[in-house]
Amino acid sequence: MSDEKAGQPGAGTARKHTALPKAQILIEALPWLTRHNGKVVVVKFGGNAMIDEDLKAAFAQDVVFLRQAGLKPVVVHGGGPQINAQLDKQGLVSEFKAGLRVTTPEAMDVVRMVLAGQVQRELVGLLNQHGPLAVGMTGEDAHTITAARHTPEIDGELVDIGRVGEITAIDTGAIEALLADGRIPVISSIARSADDHHVYNVNADTAAAALAAALGAETLMVLTDVEGLYADWPSSDEVISRLTVSELEKLLPELSSGMVPKMEGCLHAVRGGVSTARVIDGRVPHSILLEIFTDEGIGTMVVPDAQPEAQGGEPA
């Protein structure tokens with residue numbers, strides 16, 4: 001009895017595999033996997049992705065996927081909402097000047113506790129559900145981030161905002177050792193001063209950018225609560241998908257205060273040798289994978305002036 005008569009497909013018949021689209025998706029990612037293999041990717045974790053349980057889980061999956069796909073992810077985080085909640089619980093007022101948190105010594109104790117003892121621990125735990133991968137540290141550890149007191153100028157006068165730090169030096173030795181061991185460093189954005197030995201609160205966007213430049217990262221990715229950089233907000237919700245550092249520099253004075261540290265961080269990173277810096281919508285599940293491994297890409301990508309034109313998220 002032939003195969004056909006027995007109800008079996010013949011040698012010349014191709015079965016329609018329902019899983020074929022999965023293979024096509026994997027193949028689409030191949031150019032990006034090849035390009036990014038072995039490269040450092042710094043991801044600044046923040047915004048709604050830090051609050052929503054499903055988004056937190058998706059973020060952890062994305063970061064582990066990057067590592068398992070041959071990249072070297074480094075996570076930098078702040079924790080504004082969690083810090084506010086703990087300050088309220090302790091009866092301490094949250095005050096902001098020049099877009100920065102006024103950080104008294106008492107508030108700094110809370111910042112340090114929340115970042116290193118709560119936010120970082122939770123994130124490390126989520127990543128380590130997938131294996132013995134993540135190691136938590138702060139900018140204080142091994143002098144990774146050194147800072148000096150930051151005194152902003154408001155209306156022509158220098159204003160004391162307490163334990164808010166401006167980065168003066170980066171030492172990547174501990175991070176590089178962890179990466180060489182196949183680990184995922186998770187870094188809280190606090191630093192110690194070489195001058196007065198106080199601990200300082202450092203803007204997490206700024207810290208991520210400085211670390212990306214010092215590590216010679218391929219990419220800096222900053223998660224936000226918006227789709228990207230808008231071309232003409234609020235008149236239009238069109239997102240600028242790609243711009244050069246010179247174009248970004250011209251736009252900076254017009255940006256909203258919330259976007260300034262993020263875009264200044266992107267500018268600093270790319271000027272410091274990072275190939276691309278991206279601001280992406282952290283409210284979208286798996287936004288990191290969508291940005292790095294698909295044709296479409298999401299968010300806004302900042303590139304060096306000399307980089308040739310490319311379409312969307314397409315690798316150069």
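**View 1. F65 is partly exposed in this predicted model.** F65 has a relative accessibility of 39%, so it counts as partly exposed (buried is under 20% relative accessible area, exposed over 50%, partly exposed in between; 1.4 Å probe, protein chains only). F293, at 6% relative accessibility, counts as buried. A search of the whole structure finds two aromatic pairs (rings of Phe, Tyr and Trp, the last by its six-membered ring, with centres within 6.5 Å; planes under 30 degrees apart are stacked, over 60 edge-to-face, the rest tilted). In the pair of F65 and F293, the ring centres are 5.8 Å apart and the planes stand at 65°, so this pair is edge-to-face. F65 belongs to helix 2 (residues 53-68) and F293 to helix 9 (residues 287-293), so the pair ties together parts that are 228 residues apart in sequence. Helices (H or I, at least four residues) and strands (E, at least two) are DSSP runs, numbered from the N terminus.

Residues are numbered from 1 along each chain as its sequence is written. Local features need pLDDT of at least 70, side-chain atom pairs count only at pLDDT 80 or more, totals for chains, interfaces and linings use all residues, and side-chain values use heavy atoms, with hydrogens and water left out.

**View 2. Helix 8 and its cover.** Helix 8 (residues 260-271) has 12 residues. From first C-alpha to last, helix 8 reaches 16 Å, close to the 16 Å expected at 1.5 Å a residue (1.5 Å times one less than the number of residues). Its buried residues are P261, K262, M263, G265, C266, L267, A269 and V270. What covers them includes strand 1 (40-45), helix 6 (204-215) and strand 13 (219-224). The cover also includes helix 7 (245-251), strand 15 (276-281) and strand 16 (300-303). Just after helix 8, G273 takes a positive phi of about 110°.

**View 3. Strand 16 is covered on both faces.** T300 and V302 are buried on one side, M301 and V303 on the other. Strand 14 (residues 242-244) runs parallel to strand 16, joined by three bridges (strands pair if DSSP finds at least two bridges between them). Here T244 stands opposite V303. Strand 15 runs antiparallel to strand 16, also with three bridges. R278 has M301 as its bridge partner in strand 16.

**View 4. T276 in strand 15.** T276 has a relative accessible area of 1%, so it is buried. Its side chain joins that of T219 in a polar contact of 3.2 Å. Such a contact is a pair of N or O atoms within 3.5 Å; within protein, one must be able to donate a hydrogen and the other to accept it, and residues adjacent in sequence count only if both atoms are side-chain atoms.

**View 5. Two histidines with positive phi.** Most residues other than glycine have a negative phi. H143 has a positive phi of about 55°. H143 is in the loop between strand 5 (134-138) and strand 6 (145-149). It is exposed, with a relative accessible area of 59%. H197 has a positive phi near 65°. H197 is in the loop between strand 11 (190-192) and strand 12 (199-201). At 52% relative accessibility, H197 counts as exposed.

**View 6. Confidence along the chain.** The protein chain averages a pLDDT of 87 (the predictor's confidence in each residue, from 0 to 100), and 89% of the residues score at least 70. Over residues 307-312 the pLDDT is below 50. Beyond near neighbours in sequence, this stretch has nine contacts (heavy atoms within 4.5 Å) in the model.
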